[in-house]
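Subject: Structure for you to look at

Dear colleague,

Please find below the structure that I promised to hand over to you. Have a look at it first, and then read on for what was found in it.

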Amino acid sequence: MADPFADARVLAAEQLSSGYTWAECPRWHDGALWFSDMYAHRIVRLDDDGTPHTVLDLSRRTSVNGTEVIPGGFGWLPDGRLIVTSMHERLVLAFDGEQVTVHADLRGLASGPINDMVVDGDGRAYVTQLGFELFQGEEPRDSPLLVVERAGTAHALTDLGGMSGANGIAITADGSRVLTAEAFANRITVLDRDKYGRLTGRRVFAETPSLPDGICLDDDGGVWAGMPGVAVARFADGGAITDVVPFDPAAALPPACVLGGADRRTLYICAGLDVMDWEESRRNRRGTIWQVPVRASGGANRP
């Protein structure tokens, strides 16, 4: 089999911080890197030197359905509140710096755990879902993207058809497109977005050589995707791989990335080893954060 990365520029990442469970869903916000330390039930903000600070601790939250409270994708509303998916509760929670409230209840819409999320400038959240109980051994099934309006009302985008394990999701700087990683189809999908936030025109942006997870965008039209079993790679429209950040799978599996830093030309990468066994992940704390300089800026792309 041909090497899918044969023509790609190879970049070497350096480790910035360690000691996490399964690190996921990185964001660049207010001049700092934020991410979900998922099985530690918290959102973390990092200093420049890699020192972590817990911003939101959900470990004492009482679940509405008896499941463990696992934070996934997150973002910010125009009023400054942080909103985050509680994956297995199938809720979007809001945090104002003091109290946690339910922003949206997606239990009537989601057929499995909800997953990542991106928030537009109007406070509208696009939420991905696995569509099935992955951690209980169910077989994959397609499911629609979900939308949570600024006021907390929600609906499913059934007109777009089912997504195959939609995972990472992003919005271009001009707001004209939404891209998502269909993990179980090995592809990145792009949709057109109008000024009212409506999505149409579903099509394939790139086929990926391995399962794509978290994604971020750059100002040159590239999509960076974490592929946990292989590497982090940059895809151009049509599928050409221009850059790759390889990882030793015995040391770190990289599910997600985001562009940050002063000019958003640093690629921050979340990695870990124990994703399916939550207790093992908490015992071992082998989650890590990595960084590598890149050519194109993340600009105003979201996240």
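Helices and strands are runs assigned by DSSP, and they are numbered from the N terminus. With that numbering in mind, you can find Gly238 in the loop between strand 21, residues 231-235, and strand 22, residues 241-246. Please remember throughout that this is a predicted model.

Let me stay with Gly238 for a moment. Is Gly238 buried or exposed? Its relative accessibility is 67%, and because exposed means over 50%, Gly238 counts as exposed. Its C-alpha atom is separated by 7.9 Å from that of Glu207, although the two residues are 31 residues apart along the chain.

Next comes a sheet that is worth tracing strand by strand. It is an open sheet of 4 strands in the order 7-8-9-10, and the pairing is antiparallel. Strand 7 and strand 10 are the edge strands, each of which pairs on one side only. On average, neighbouring strands of this sheet are turned by 30° against each other, if direction is ignored.

Within this sheet, strand 9 deserves a careful look. Why can strand 9 be called largely enclosed by the rest of the structure? The reason is that 5 of the 5 residues of this strand, which covers residues 91-95, are buried, where buried means under 20% relative accessible area. Both of its faces are covered, with Leu91, Leu93 and Phe95 buried on one side and Val92 and Ala94 buried on the other.

Strand 9 pairs with strand 8, residues 82-86, in the antiparallel sense over 5 bridges, and one partnership you can look up is that of Ile83 with Ala94 in strand 9. The hairpin of strand 8 and strand 9 has 4 residues between the strands, and in this hairpin Arg90 takes a positive phi near 60°. Strand 9 is also joined by 5 bridges to strand 10, residues 100-105, and these two strands run antiparallel as well. Here the bridge partner of Ala94 is Thr101, while Val92 stands opposite Ala104 in strand 10. Strand 9 and strand 10 form a hairpin with 4 residues between them, and Gly97 in the turn has a positive phi of about 100°.

Thr85 in strand 8 is another residue to pick out in this sheet. Thr85 counts as buried, at 0% relative accessibility, and its side chain reaches the backbone oxygen of Asn115 at 2.8 Å.

I now turn to the empty spaces. How many cavities of 30 Å³ or more does the structure hold? There is 1 such cavity, and about 50 Å³ of space lies in the largest cavity. Its lining includes Cys25, Arg27, Asp116, Cys257 and Pro303. Strand 3 and strand 23, residues 253-260, each supply at least two residues of this lining, and the largest share, 3 residues, comes from strand 3. Sorted by class, the lining of the largest cavity has 7 nonpolar, 1 polar and 2 charged residues.

The second largest pocket contains about 310 Å³ of space. It is lined by 18 residues, of which His29, Trp76, Val119, Arg302 and Pro303 lie nearest its centre. The elements that give two or more residues to this lining are strand 3 (23-29), strand 7 (71-76) and strand 11 (114-119). By class, the lining of the second largest pocket has 10 nonpolar, 4 polar and 4 charged residues.

Pro303 therefore appears in the lining of the largest cavity as well as among the residues nearest the centre of the second largest pocket. The peptide bond from Arg302 to Pro303 is cis, with omega near 0°, and Pro303 itself is found in the segment after strand 25, residues 287-293.

Finally, two residues have a backbone angle that you may like to check. His41, in the loop between strand 4 (32-37) and strand 5 (42-46), has a positive phi of about 60° although it is not a glycine, and at 13% relative accessibility His41 counts as buried. Arg264, in the loop between strand 23 and strand 24 (266-272), has a positive phi of about 55° although it is not a glycine either, and at 11% relative accessibility Arg264 counts as buried.

With best wishes

Key
Residues numbered from 1 in each chain as written. Predicted model: local features only at pLDDT ≥ 70, side-chain atom pairs only at ≥ 80, totals over all residues. Heavy atoms only, no water. 1 Å grid on protein atoms, 1.4 Å probe; cavity = no way out; pocket = protein on both sides within 12 Å on 5 of 7 lines; lining within 4 Å. Points joined across faces, edges and corners; volume = space filled by probe spheres on them. Nonpolar A, V, L, I, M, F, W, Y, C, P; charged D, E, K, R; others polar. Buried < 20%, exposed > 50% of the residue type's maximum accessible area, 1.4 Å probe, protein only. Pairing = 2+ DSSP bridges. Axes fitted to C-alpha atoms, helices over the stretch in contact; angles between N-to-C directions. Polar contact = N/O pair within 3.5 Å; in protein donor to acceptor, adjacent residues only side chain to side chain.
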